[in-house]
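Got your viewer open? Grab the mouse and follow along, one selection at a time.

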Amino acid sequence: MKNGIRLLFSSLIFSLLLVMTGNGQPLVIMHTNDTHSQIDPYSYKGDVNVGGFLRREAAIREVRAQNPNTLLFDAGDFSQGTPYFNVFKGYMEVRLMNAMGYDAATLGNHEFDNGSAALAARLKTADFPVVCANYKFANKKLAKVVKPYVIIERGGHRIGVFGLAVNLDGYVAPQIAREVTYLDPVACARQMVKELQNQNCDLIVCLSHLGVNTNMPDNDFEIARQVPEIDVIIGGHSHEEMPQPNIVGKTRICQMTNKGKCFGVLTIEDL
Ligand SMILES: [Zn+2]
């Protein structure tokens, strides 16, 4: 394991994959999912005093200090789960993500808990792009603030990042679900890959809130099988703890629990 990612506290677990393809600076992707408004450390079952915004922020800072080319992504459901969300309506989570310097995030179903208009208003306060390629929004403000993809330049590389989100039916109130049309994620992913390849991206990353539950027709494994050009899927929704990525073809599928108990670190050597 590289010194750069040997962090000093036990409550965070890191997934690590070294992809050796030649010489050069590694690209380090840090990722969270389903942090669910967990601002403070918490104890639950066997986990005692884990997570918390301050601890996460310090760990992220440490990874950045030791690696010049880092990215920080979230795969959705950063909203809902503690009284912080009920009292501050999700603005606090966005402010803290701004402070941590997220590079991009996608939408989870819980982002919609207070409706499309409220979500659009608070995403306007985000310093990071929010990407989702498989929703069509009835709310014009939300359609304006959420982009299908973003291209990030880091260490001389072009990293194409697009989002896929879950079908909202059954997850939010019907009147809220009606404001969002769910589009086939495979078709949208294929379109995104084509677009990002045309724009000369070196790496294609999908931020997915579909989950890895294979009983669901749309899941990260299925996306990786049907759209093999995707290099990395940063997943969420199913709260999976993957100390190592799952590999499908060349696609690395990553996900890291929930409530900010830990975050993932994926190191790509010599892109
Ligand atoms: Zn979810």
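In what order do the six strands of the open sheet run? Across the sheet, read 9-10-12-13-15-14, with mixed pairing. Colour strand 9 (149-154) and strand 14 (246-248) to mark the edges, since each of these pairs on one side only. Going from one strand to the next, the twist averages 25°. Keep in mind as you click around that this is a predicted model.

Stay at the strand 14 edge for a moment. Strand 14 pairs with strand 15 in the antiparallel sense, over three bridges. Pick I247 and look across: its bridge partner in strand 15 is R252. As a reminder, strands of a sheet pair through backbone hydrogen bonds, either parallel or antiparallel.

Now select residues 185-198, which make up helix 7. Helix 7 packs on the sheet and touches strand 9, strand 10 (157-164) and strand 12 (203-208). Line up helix 7 with strand 10 and you'll find that their directions make an angle of about 165°.

Next stop: helix 1, residues 53-66. Its 14 residues reach 20 Å from the first C-alpha to the last, close to the 20 Å expected at 1.5 Å a residue. Show the side chains of F53, R56, A59 and I60, the buried residues of helix 1. Why do they line one face? Seen down the helix 1 axis, the buried residues fall within an arc of 130°, so one face of the helix holds them. The general rule behind this sort of pattern is that an α-helix has 3.6 residues a turn, so residues three or four places apart point the same way. Flip to the face turned away from the buried side and you'll meet the exposed residues L54, R61 and A65. Back on the buried side, the cover includes strand 1 (27-32), strand 4 (70-74) and helix 3 (91-100).

Then select F73. Along with L207, F73 has the most contacts inside the largest nonpolar core, a set of 65 residues. Leaving out neighbours within four places in sequence, the contacts of F73 are I29, H31, Y102, D103, A104, A105, L207 and I234.

Last pick: N258, in the loop between strand 15 (251-254) and strand 16 (264-268). Is N258 buried or exposed? N258 counts as buried because 22 other C-beta atoms lie within 10 Å, and the cut-off for buried is 20 or more. Not counting residues up to four places away in sequence, N258 touches N33, D34, H36 and H239. To finish, put a distance label between the C-alpha atoms of N258 and D77: they are 181 residues apart in sequence, and 9.2 Å apart in space.

Terms used: Residues are numbered from 1 along each chain as its sequence is written. This is a predicted model: local features need pLDDT of at least 70, side-chain atom pairs count only at pLDDT 80 or more; totals for chains, interfaces and linings use all residues. A nonpolar core is a set of buried Ala, Val, Leu, Ile, Met, Phe, Trp, Tyr and Cys residues joined through C-beta atoms within 7 Å. A residue is buried if 20 or more other C-beta atoms lie within 10 Å of its own, exposed if 12 or fewer, and partly exposed in between; C-beta atoms are placed from the backbone. Two residues are in contact if their C-beta atoms, placed from the backbone, lie within 7 Å. Helices (H or I, at least four residues) and strands (E, at least two) are DSSP runs, numbered from the N terminus. The expected span of a helix is 1.5 Å times one less than its number of residues. The arc is that of the directions from the helix axis to the C-beta atoms. Two strands pair if DSSP finds at least two bridges between them. Axes are lines fitted to C-alpha atoms, for helices over the stretch in contact, and angles run from 0 to 180 degrees between N-to-C directions.
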